[in-house]
Amino acid sequence: MSSRWHQKQEKKRIEAFERELAAIPDETVVKDQTSAAAMGDGEEQIFEKKLSKEEKKALAKAKREAKKKSKNSGKNNNDESDKSKAQLAEEALKSAEEGLMAMKDLSVSNEAADALASEGTICTFSASKKGVDARSRDINVQDFTLQHKGMVMLDHTEVVLNHGNRYGLIGRNGCGSNTLMKALGARAVPIPEGIDVFHLKEEIEASDTITALEAVMSVDEERERLEKEAENLNEALTALTEVDEDDESDLTLEEKQEKLMELLNYVYDRLDNLDAATAETRARSILKGLGFTHEMQEKKTKDFSGGWRMRVSLARALFIQPTLLLLDEPTNHLDMEAVIWLEDYLSKWDKILLLISHSQDFLNNVCTHILHFTNRKILELYDGNYDQFIKTKGEKEENQMKRYEWEQDQIKSMKEYIARFGHGTSKNAKQAQSKEKVLQKMIRAGLTEKPEQEKQLNFKFPDPGHLPPPVLAFHDVSFGYPGCEPLYDNVNFGVDLDSRVALVGPNGAGKTTLIKLMSGELQPSLGDIRPHGHLKLGRFTQHFVDVLDLELTPLDFFEKEYPGIPREELRKYLGRFGVSGKTQVQKMEELSDGQKSRVVFSKLGKDVPHILLLDEPTNHLDMESIDALANAINEFEGGMVLVSHDMRLISQVAKEIWICDNKRITPYKGDIQSFKMDMRNQMGIEGHQRSQLRGDASVTVKQTTKQSGKSAEEAGQEKTPDKNMASSTDSKKILPSVEKNNYVPPHLRKQAVQTSTVNGKYVPPHLRNRQA
């Protein structure tokens with residue numbers, strides 16, 4: 001007796017046989033069709049389905065050619081007007097694509113990638129068989145390796161930049177962040193055709209015919225090209241609507257129309273961004289935000305310094321609004337007011353922004369993501385701003401260390417058990433064998449790596465010894481460059497070994513000039529500058545490379561500057577400032593700007609100055625170096641005068657803030673965060689800072705006040721800069737007017753308040769008329 005399963009199978013077999021039987025045609029029909037085929041009739045109906053793909057294509061092509069021949073019969077084939085509309089559409093499409101490709105990236109030449117390779121930079125990556133989708137708005141590069149002059153910067157990592165995100169690229173000096181940005185700017189990696197790139201890497205060309213405003217608005221050339229391409233694309237789209245679908249082409253009619261519409265939409269989007277009706281207004285607004293007055297906007301570019309021409313390039317980049325904007329230290333040439341404006345402007349960037357900056361405050365208020373160059377030569381992506389990155393990275397390393405320690409404890413325990421009971425036939429021996437299998441399985445699965453702690457830098461400025469005040473005194477000092485408006489008029493102040501002063505103010509107000517007056521590089525037009533007879537100054541300038549011999553290595557340079565010191569001792573000394581390993585024996589011309597800065601700071605420490613004059617010291621330093629510099633300044637027994645736009649550094653080291661403006665030097669009663677908020681309010685920028693600066697001076701003041709039991713008002717009185725204006729008890733004899741008038745004479749102070757402050761708050765120069 002068959003089983004139920006056999007019965008089901010038999011039933012299925014019978015049903016299948018009946019279906020096949022029903023599908024067999026009637027014998028008469030088959031006979032008639034066969035006879036007709038033998039007589040040459042019905043061949044296509046019987047055998048058409050048996051044609052191969054190649055035969056089908058050949059047959060379709062023959063049909064199209066026959067159709068074209070019948071349409072064009074009786075016409076002159078040599079006449080240009082007889083071209084088919086399909087051919088015209090094809091040519092228009094090709095012309096549009098070529099035109100768009102020619103203007104995808106106006107900031108980079110077609111030979112940029114080759115030039116990058118000639119400089120020793122090589123990029124490798126995994127290429128997809130499908131290629132890069134031209135319609136994509138994101139960048140996704142897999143298995144990316146970056147080498148520069150034989151040194152591997154990145155090894156088999158991924159570079160992913162998504163539309164709408166703002167990325168901060170951070171890493172140690174010399175890690176390769178600048179090289180990566182150059183590779184992206186040169187399109188040396190797969191970037192979709194629809195993404196235009198602007199890499200801000202050089203200043204605008206000095207010209208005696210083009211003004212700053214015209215240089216920014218010179219993208220009118222791009223607008224004209226875009227309008228021409230839009231016209232060509234519309235013509236091609238019109239021609240395609242009248243084309244027969246049977247026309248020979250690699251693309252179908254729908255695919256051609258879709259591609260044309262994509263290109264047309266791209267062109268219209270770019271034209272919207274470059275709206276001629278608002279072009280001048282937008283250009284002036286950007287230039288104004290970057291510190292250009294109306295008169296400066298009309299000046300020729302040759303009349304500006306390199307720093308101001310770099311601002312023009314930055315303004316041009318913001319005006320063009322590229323899909324991918326690459327900025328390398330954009331705040332280096334800006335004053336604090338311009339930094340605040342740029343910070344607010346970039347925080348609203350809705351495309352792709354990749355920037356290198358070593359200002360924590362700037363990264364916090366601009367970035368939505370952080371890309372970190374790790375010691376393992378890969379890029380790690382973190383969500384959030386810099387503060388969130390520090391928090392997440394710390395938690396990740398803590399969890400990794402816990403996992404690593406747990407695994408090591410397990411391995412140690414199992415190895416000890418195996419070594420003790422691994423032999424013999426006892427029950428423990430079987431357990432030992434089982435543990436050995438578990439151990440091998442753990443090793444095959446991969447063990448957790450021990451988190452690498454980055455080497456801590458140890459900047460140090462030795463104790464210079466005591467000098468009785470006043471150490472450096474300005475008495476009724478006035479100064480102006482020949483043929484120019486005076487920068488200072490009747491200035492009085494003093495700097496001693498306990499001074500910690502940050503100079504702020506608009507560009508051109510004379511901050512760097514004041515540093516030069518202190519160092520003796522410039523002499524006052526009127527008045528007297530009286531340094532102590534034994535005073536030794538240490539100065540870091542924006543052109544710090546001038547003190548280095550770039551043809552030498554750091555080690556050779558120090559042996560030349562400080563003969564008699566053993567080479568091994570110089571090695572250890574340079575290593576404290578982060579100049580270690582191969583860097584010590586590499587020519588300084590091959591080092592990054594940040595590494596050169598470290599060499600200069602190591603030289604400053606070796607010179608043992610009494611007062612440090614620092615003009616934008618953080619321009620090329622990484623975060624770790626900035627922290628090391630701040631710690632060194634706080635431990636330094638001498639004085640310091642700082643010019644910087646890095647508000648985090650100011651909050652860490654400055655006890656006083658002096659405003660250089662309106663030919664005066666005015667002390668600001670408050671910390672740098674309060675100064676920034678005053679600036680934002682006066683500039684009409686809404687919103688509050690998302691995080692407090694680490695090491696904020698106001699926190700220190702509050703804690704000190706609480707501990708001493710004094711009121712805030714008393715603490716504020718102690719914080720006034722009288723002692724640093726002429727801090728000695730003998731200062732009355734030397735500078736009686738300074739002590740008596742509390743920093744500046746009363747009538748001059750009143751004048752300064754009327755012009756540069758409103759209700760006790762600092763007002764930027766270009767906003768004072770509006771406040772009045």
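Aspartate 463 is in contact with Val608 and Glu637, leaving aside its neighbours within four places in sequence. This contact is taken from a predicted model. The residue lies in the loop between α17 and β10 (472-479). The protein chain has 772 residues, of which 45% count as buried, and its secondary structure comes to 31 helices and 20 strands. Among contacts with a separation of 6 or more, 72% join residues 24 or more positions apart.

**Two aspartates in loops**

- Aspartate 463 has a relative accessibility of 53%, and because exposed means over 50%, aspartate 463 counts as exposed.
- The C-alpha atoms of aspartate 463 and glutamate 635 are 9.0 Å apart in space, while the two residues are 172 residues apart in sequence.
- Aspartate 498 is found in another loop, between β11 (488-495) and β12 (500-504).
- With 36% relative accessibility, aspartate 498 counts as partly exposed.
- Aspartate 498 and lysine 655 are separated by 157 residues in sequence and by 9.8 Å in space, C-alpha to C-alpha.

**The sheet from β5 to β9**

- Six strands make an open sheet in the order β5-β6-β7-β4-β8-β9, and the pairing is mixed.
- The edges are β5 (197-200) and β9 (379-383); each has a single partner strand, so one side of each has no neighbour in the sheet.
- On average, neighbouring strands of this sheet are turned by 20° against each other, direction ignored.
- Within the sheet, strand β4 (residues 166-170) pairs with strand β8 (residues 369-373) over four bridges in the parallel sense.
- Glycine 168 has isoleucine 370 in β8 as its bridge partner.
- Helix α16 (residues 386-421) packs on this sheet and touches β4, β8 and β9; the direction of α16 makes about 115° with that of β9.

**The sheet from β14 to β18**

- A further open sheet of six strands has the order β14-β15-β16-β12-β17-β18, with mixed pairing.
- Its edge strands are β14 and β18 (664-668), each of which pairs on one side only.
- Neighbouring strands here are turned by 20° against each other on average, direction ignored.
- Strand β17 (residues 656-661) runs antiparallel to β18, and five bridges join the two.
- Isoleucine 659 has threonine 666 in β18 as its bridge partner.
- Helix α24 (residues 672-682) packs on the sheet and touches β12, β17 and β18; its direction makes about 110° with that of β18.
- At the β14 edge, β14 and strand β15 (residues 611-615) run parallel and are joined by four bridges.
- The side chains of β14 (residues 537-540) alternate: Gly538 and Phe540 point to one face and are buried, whereas Leu537 and Arg539 point to the other and are not.
- Phenylalanine 540 has leucine 614 in β15 as its bridge partner.

**Packed helix pairs**

- Two packed helices are described by the angle between their axes and the distance between the axes.
- For α16 and helix α17 (residues 427-445), the angle is about 145° and the axes are 9 Å apart.
- The crossing of α16 past α17 is left-handed.
- Residues of α16 in this contact include Ile411, Met414 and Phe421, and those of α17 include Ala432, Leu439 and Met442.
- By class, the contact of α16 with α17 has ten nonpolar, two polar and four charged residues.
- Helix α19 (residues 554-561) packs with helix α20 (residues 567-576) at an angle of about 120°, with the axes 10 Å apart.
- That angle makes α19 oblique to α20.
- The crossing of α19 past α20 is right-handed.
- The contact is made by Pro554, Leu555, Asp556, Phe558 and Glu559 of α19 with Arg567, Leu570, Arg571, Tyr573 and Leu574 of α20.
- These residues of α19 and α20 divide into six nonpolar, no polar and four charged.

**An enclosed helix**

- Helix α7 (residues 177-185) is largely enclosed by the rest of the structure, because seven of its nine residues are buried.
- The buried residues of α7 are Ser177, Thr179, Leu180, Met181, Ala183, Leu184 and Gly185.
- Arginine 187, just after α7, takes a positive phi of about 55°.

Conventions:
Residues are numbered from 1 along each chain as its sequence is written. This is a predicted model: local features need pLDDT of at least 70, side-chain atom pairs count only at pLDDT 80 or more; totals for chains, interfaces and linings use all residues. Side-chain values use heavy atoms; hydrogens and water are left out. Buried means under 20% relative accessible area, exposed over 50%, partly exposed in between (1.4 Å probe, protein chains only). Two strands pair if DSSP finds at least two bridges between them. Axes are lines fitted to C-alpha atoms, for helices over the stretch in contact, and angles run from 0 to 180 degrees between N-to-C directions. Angles under 35 degrees count as roughly parallel, over 145 as roughly antiparallel, 65 to 115 as roughly perpendicular and the rest as oblique. A crossing is left-handed if the near helix is turned anticlockwise from the far one by less than a right angle, and right-handed if clockwise. Contact means heavy atoms within 4.5 Å. Ala, Val, Leu, Ile, Met, Phe, Trp, Tyr, Cys and Pro count as nonpolar, Asp, Glu, Lys and Arg as charged, and the others, Gly among them, as polar.
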